[in-house]
Each structure stands twice: as structure tokens, then as C-alpha cells.
Amino acid sequence: MSDLCIGMISGTSVDGIDVALVEIDGHAQNAKIRTVGFETVAYPDEVRAELLGLYDDQQDAVARLCSLNVVVGQCFADAALAMCERHGVDPATLHVIGSHGQTVWHQPAHDPALPLSTPSTLQIGEPSMIAAATGAPVVADFRVADMAVGGQGAPLAPYLDWTALGDAERNRCVQNIGGIGNVTWVPAGGDRDAVIAFDTGPGNILIDALVTLLTDGVETFDRDGAYAARGEVDETSIQDWMRDPYLQQPPPKTTGREYYGMPQARQWIAERGLPEGSLTSGEDAIRQLAFDLLATATAWTAETIADAYRRCLPAMPDDVLVNGGGARNPVLMRMLADRLGNITVRPTDVAGIDADAKEAIAFALMAHDTLAGLPTNIPCATGATRAVPLGKVVRIPAGQERGVVR
């Protein structure tokens, strides 16, 4: 009998909650996974604005985070309930819900500016809200167990990459291009101890930030790479940006919105004398400068990935499978293929894992295997001293009236 599970995550782009309903039969590399349903549920506008606003305005940040933890938890609960209703599933019969939540801060190393700082990470989206609303067991807060045994708490997707996307004869890279880019090197034959994974650097985060600023918030991402396709790439800027200290670090390494984000995008715009809203200004010369900046940012994103492979992998891969929003940007996919030479670059769809749903599927599998007591981190990817089950288990049986009365 297969187990019906839900996996959920909202990534660093903060564009909504990815929800995957999956059937899982077996565990780890013996698991057979079938996707029953998937969708991305947008945050209410005011919730997304508050999440993004925390990075620009930290006044009353502790009080705001306290409330957001519950508000985001209810958003996740509502997304799980909607998925169950759509597919005629009683949520209380789910084997497990795996909820990554929403990362609001990720600090993989000590910050000298903060004397008490230590490697740490914070995801919000209170799992008790999800458990109370659904009646299903919830596994959440995955990253901290890895950090407790010396890891960086990321990347975690390599568990699914190792179990489901390796190849018996080919060395393969599985590249996530969400807000942040991360890669998993799965060697031919799938030796768990030889897997390598780390954050390559920015994914869509700076492209999204530029589009948001250059359209005055009318648009939040470059749909199909249409803006970048109209620009000219400035290779001099790319070489300058490649001096970024994060890109020079060896793995294991992780990063996030606290490093890449709006401040950098604003700096690039200011350096070029572009006013915010340039893409809606109607002035052809200004618009072309904006197109050129987006083309260059997209090409730089591709170069950070290709350069990470050259610097940090034991050999270049035989092929690359891509998931996340970047897999749906044909301009970024073409630029990545160009910068990798003759290596085939395709979405994970070709291997039976929906490129949009993959991250959510990963947390469904990790929750499923954690309940079975199996280790679900990849120590050689995160830097942990040992493999451990990830996540905290929350059980609150739902009442006759599901949800929380407010």
C-alpha cells in the first residue's frame, strides 16, 4: 500500500506556497513516487508584502515575526486543505504532511558583527496550525536537525535527487533555480557518500528584484525571459560580478535573501542611472538600458552555475536536470547550456519529476522517511558530522470543525 502525503514549501522568491500531493511506496532509493496533484498557492498580497518588507524595514521585527509565524502557518494549512478538497481526500487520512515553511533568515556561519551569532536558520509557518486544521501528522522545521550535528542546514533537496534522479551510468547534476540556485552532483551509480551539493549563488532572486523595481511592482519576474531576450549582455559586468566573495568560497556553502536581494538590485540600477519604473517609462533609450541590465543579470546567473561546476565538482557532468522557476525561463536555460558547452540541459520533467513541483515533493519524501526513522540529510552536502532524520513531528488531531476559530 502506498502512502498519501503532502509536501509544501515557499522558497526565497516568496512567490507562493508550492503544494504537492503524492503517493509514496517504499523508502529512500526504493521509493516509488507518483504525483497526484500540484499547485502554487499565492500568498495574500499583504502577507507577501510583509514578508518581503522585513528585509527593508526591521522596526518591530520580533513582534511582526511572531504574528507572521502564525499567519503563514494558516496560509500553509489552507493550501493543504484546498489540495485535499480538490482531490477528494480526507486530510486526516494523510500519512504525513511535510512543511518546509518560509525561510526568513539563514546564517550558515558566525557573523563577527554580532558577538552571540552562531550558525542558525529560521523558517516560519507554525506547523501546529497545519496539524490542527488537517488532523494529519506534520513534519516541519527540517533544517535545524542538520545544523545540530554540524551541518549548514542546506541544501536539503539532495535527498530526493539521490533517491530519484541519479543514473546508473552518467554523472548528473540536478540544478535547482529558485530564488537561490543550488546543485546536487549525483555520481554514476548513486553512491550516497560521493554526492556533492551546495548553493551555487543567485537563482531568480536578482532577476525578480530587478523586474519588480524596473516596473514599479507591476511585474515581479521576467516571464519567459522576455525582457532579457531584448537586451545585450555586458560581459565586462559579468566578470566584475564574478568577484563576489560568496562565489569564491568552496563547498559546503549556503546562502539566501539576506545576502542576495533588493539592495544589490537597487545598486545595479543606480550605477546605470536608471530610475525605478524604467520599463514602464516609455522612453526607448531608458528601456533598452533596462533590457540590457536584465540580460546581463540573467547571463551572470547562468555563469555563476557553470563556474561553480568548473570550480567545485570532481568532473563536469554528463547532463544537467533543472527544476524551479528557472526551468521555465527559456532564455536562462539557453544561456546556461551555452556556458556549459556541449552538456545537455533539460528540465527534471524528462525524468518523471515535475520541475515546478520537485521541491515540494522533496519535503513530502523527507517527512515520509523521517516518520520511518530514516536519516534524510546528506552529510557530505551539508557538512554535517552524521546522517540524521530531519524535522520535528507535530500531532494535533482535528476536531469536528477543522481549523482555528478566530
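A crossing of two helices is right-handed if the near helix is turned clockwise from the far one by less than a right angle. In the predicted model described here, helix H6 passes helix H10 in a right-handed crossing of this kind. Helix H6 comprises residues 205–214, and helix H10 comprises residues 262–271. The two pack at an angle of about 60 degrees, with their axes 9 Å apart. Angles that are neither under 35 degrees, nor over 145, nor from 65 to 115 count as oblique, and H6 is therefore oblique to H10. On the H6 side, the contact is formed by Leu206, Ala209, Leu210, Thr212, Leu213 and Leu214. These residues meet Met262, Gln264, Ala265, Arg266, Trp268 and Ile269 in H10. By class, the residues of this contact comprise nine nonpolar, two polar and one charged.

Helix H10 also packs against helix H11, which spans residues 284–312. The axes of H10 and H11 come within 11 Å and cross at roughly 135 degrees, and these two helices are therefore oblique to each other. The crossing of H10 with H11 is right-handed. Here Gln264, Trp268 and Ile269 of H10 meet Leu293, Ala297 and Trp300 of H11. The contact of H10 with H11 consists of five nonpolar residues and one polar residue, with no charged residue. Gln264, Trp268 and Ile269 of H10 are thus named in the contact with H6 and in the contact with H11.

A further helix pair is formed by H2 (residues 61–86) and H3 (residues 127–134). Their axes come within 7 Å and cross at roughly 35 degrees, and H2 passes H3 in a right-handed crossing. In H2, the contact involves Val70, Gly73, Gln74, Phe76, Ala77, Ala80 and Leu81, which meet Met129, Ile130, Ala133 and Thr134 in H3. Eight of the residues in the contact of H2 with H3 are nonpolar and three are polar, while none is charged.

Turning to the strands, the model contains an open sheet of five strands in the order E9-E8-E7-E10-E11, with mixed pairing. Strand E9 (196–202) and strand E11 stand at the edges, each with a single partner strand, so one side of each is left without a neighbour in the sheet. From one strand to the next, the twist averages 25 degrees.

Within this sheet, strand E10 (residues 319–323) pairs with strand E11 (residues 344–347) in the parallel sense, over four bridges. The chain passes from E10 through helix H12 (residues 330–339) to E11, and the resulting β-α-β crossover is right-handed. Among the bridge partners, Val320 is matched with Val345 in E11, and Val322 with Pro347 in E11. In a regular strand the side chains alternate between the two faces of the sheet.

Several features of the backbone occur in loops. Most residues other than glycine have a negative phi, and most peptide bonds are trans. Against this background, the peptide bond from Ala154 to Pro155 is cis, with omega near -10 degrees. Pro155 is located in the loop between helix H4 (143–148) and helix H5 (158–164). The peptide bond from Pro251 to Pro252 is likewise cis, with omega near 5 degrees. Pro252 lies in the loop that separates helix H9 (245–248) from H10, the helix that packs with H6. Ala28, although not a glycine, has a positive phi of about 50 degrees. Ala28 is placed in the loop between strand E2 (17–25) and strand E3 (32–41).

Notes
Residues numbered from 1 in each chain as written. Predicted model: local features only at pLDDT ≥ 70, side-chain atom pairs only at ≥ 80, totals over all residues. Heavy atoms only, no water. Axes fitted to C-alpha atoms, helices over the stretch in contact; angles between N-to-C directions. Contact = heavy atoms within 4.5 Å. Nonpolar A, V, L, I, M, F, W, Y, C, P; charged D, E, K, R; others polar. Pairing = 2+ DSSP bridges. Right-handed = clockwise from strand over helix to strand, strands pointing away.
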